[in-house]
Amino acid sequence: MAATGDDAAAMDSISRAPTTHSAALNPAGTSSGQGECPVDATEAAACAPKRPHTNSDGGVETAEEAVEPAEPDINELCTDMFEKMAIFLQGELTGTCEDYRLLENMNKLTSLKYMEMKDISINISRNLQDLNNKYASLQPYLDQINQIEEQVSALEQAAYKLDAYSKKLEARFKKLEKR
Amino acid sequence: MSSSESHPRFGQSVKGLLSDKVGSCSGDVIALTRQVLKGSRSQELLSQAARNMVIQEDAILHSEDSLRKMSIITTHLQYQQEAIQKNVEHSKNLQDQLTHLLK
């Protein structure tokens, strides 16, 4: 009985499925040595004996692979760890992304400003061209004004001469009147 | 069964080794990420570019202000040109009168 139990335990370590399958097919065939392990296949995996007993091999301490299923909170902890690591790495990379976004926004605002300045410049250019054309059309009038200014100067000279002549005439008249 | 773990350390269990290994791998990934960011020098270049743009902003605002003033001055010139146009049309009569006077 004990030997059968040891052989079944040894079979467990090699492959679990054939053991559970055979256990499921031969429920009556289980000996008392395997009374510890129930026949059900799902429970056989749950109550597989722990194997992490150490072997001493040439003075070096070794350990065997754990065959029991992992504790349920380990998975959660691992998931939590990897999620937080992902968040941390994403945060490291987000800094550079935010710098790029800042530069992009600054460039967009500057380009908008330059577009406004371009519109203002186009308006100024158009207005100045119109002004130049209008001032060019005023040129004959400006020439007339120059002629008017010359004529007014000539008129002023003539008025001075007339004034001087009239004063001379007045002096001669007064002289003649005294005689 | 013999252990399938490689390089077991004296006095440490498999769980301890595993947790150490996971910790060192995490640290390596983090260090790698930081080295990649540091080697690209993106932080320095981008902050330098932002600083230069802030310096240029003053010149840009000054240019915009000057352009707006030019636009206002152009508008005033247009008003003055219209006033001149209106008054210069009288000069023809003036010139005729002066020519007649000086004859």
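# Working through chain A and its contact with chain B

From the N terminus on, chain A runs α-α-α-β-β-α-α. Keep in mind that this is a predicted model.

**Exercise 1. Take stock of chain A: how many helices and strands are there, and what share of the residues is buried?**

Solution. Start with the element count: chain A has 5 helices and 2 strands. Reading the order again, the two β elements come after three α elements and are followed by two more α elements.

Next, look at burial. Of the 179 residues in chain A, 14% are buried. The accessible surface of the chain is about 13,700 Å², and carbon and sulfur atoms hold 58% of it.

Finish with the contacts inside the chain. Take those with a separation of 6 or more: 38% of them join residues 24 or more positions apart.

**Exercise 2. Work out what area chain B and chain A bury between them, and how many residues each chain gives to the contact.**

Solution. Area goes in before anything else, as the size of an interface is often given as the accessible area lost when the parts come together. Here chain B and chain A bury about 4,300 Å², with 69% of that on carbon and sulfur atoms.

Then count heads: 47 residues come from chain B and 44 residues from chain A.

Now for the polar side of things. The interface holds 3 salt bridges. One of these pairs K113(A) with E64(B), where the closest N and O atoms are 3.3 Å apart; that fits inside the 4 Å cut-off. Polar contacts between the two chains come to 5 residue pairs, both residues at pLDDT 80 or more.

Which parts of chain B do the touching? Helix 1 (14–40), helix 2 (42–88) and helix 3 (91–102) of chain B each give two or more residues to the side facing chain A. Helix 2 of chain B has the largest share, 22 residues. Sorted by class, that side of chain B has 24 nonpolar, 17 polar and 6 charged residues.

**Exercise 3. Decide whether Q81(B) is buried or exposed, and list what it touches.**

Solution. First place the residue: Q81(B) sits in helix 2 of chain B. That's the helix with the largest share of the side touching chain A.

Second, check accessibility. Q81(B) counts as buried because its relative accessibility is 3%, and the cut-off for buried is under 20%.

Third, list the neighbors. Leaving out residues up to four places away in sequence, Q81(B) touches L131(A), K134(A), Y135(A) and L138(A).

Notes
Residues are numbered from 1 along each chain as its sequence is written. Chains are lettered from A and ligands numbered from 1 in the order in which they are written. This is a predicted model: local features need pLDDT of at least 70, side-chain atom pairs count only at pLDDT 80 or more; totals for chains, interfaces and linings use all residues. Side-chain values use heavy atoms; hydrogens and water are left out. Contact means heavy atoms within 4.5 Å. Buried area is the accessible area (1.4 Å probe) that two parts lose on being put together, summed over both. A salt bridge is a side-chain nitrogen of Lys or Arg within 4 Å of a carboxyl oxygen of Asp or Glu. A polar contact is a pair of N or O atoms within 3.5 Å; within protein, one must be able to donate a hydrogen and the other to accept it, and residues adjacent in sequence count only if both atoms are side-chain atoms. Helices (H or I, at least four residues) and strands (E, at least two) are DSSP runs, numbered from the N terminus. Ala, Val, Leu, Ile, Met, Phe, Trp, Tyr, Cys and Pro count as nonpolar, Asp, Glu, Lys and Arg as charged, and the others, Gly among them, as polar. Buried means under 20% relative accessible area, exposed over 50%, partly exposed in between (1.4 Å probe, protein chains only). Accessible areas come from the Shrake-Rupley method with a 1.4 Å probe; for residues, only the protein chains shown count as cover.
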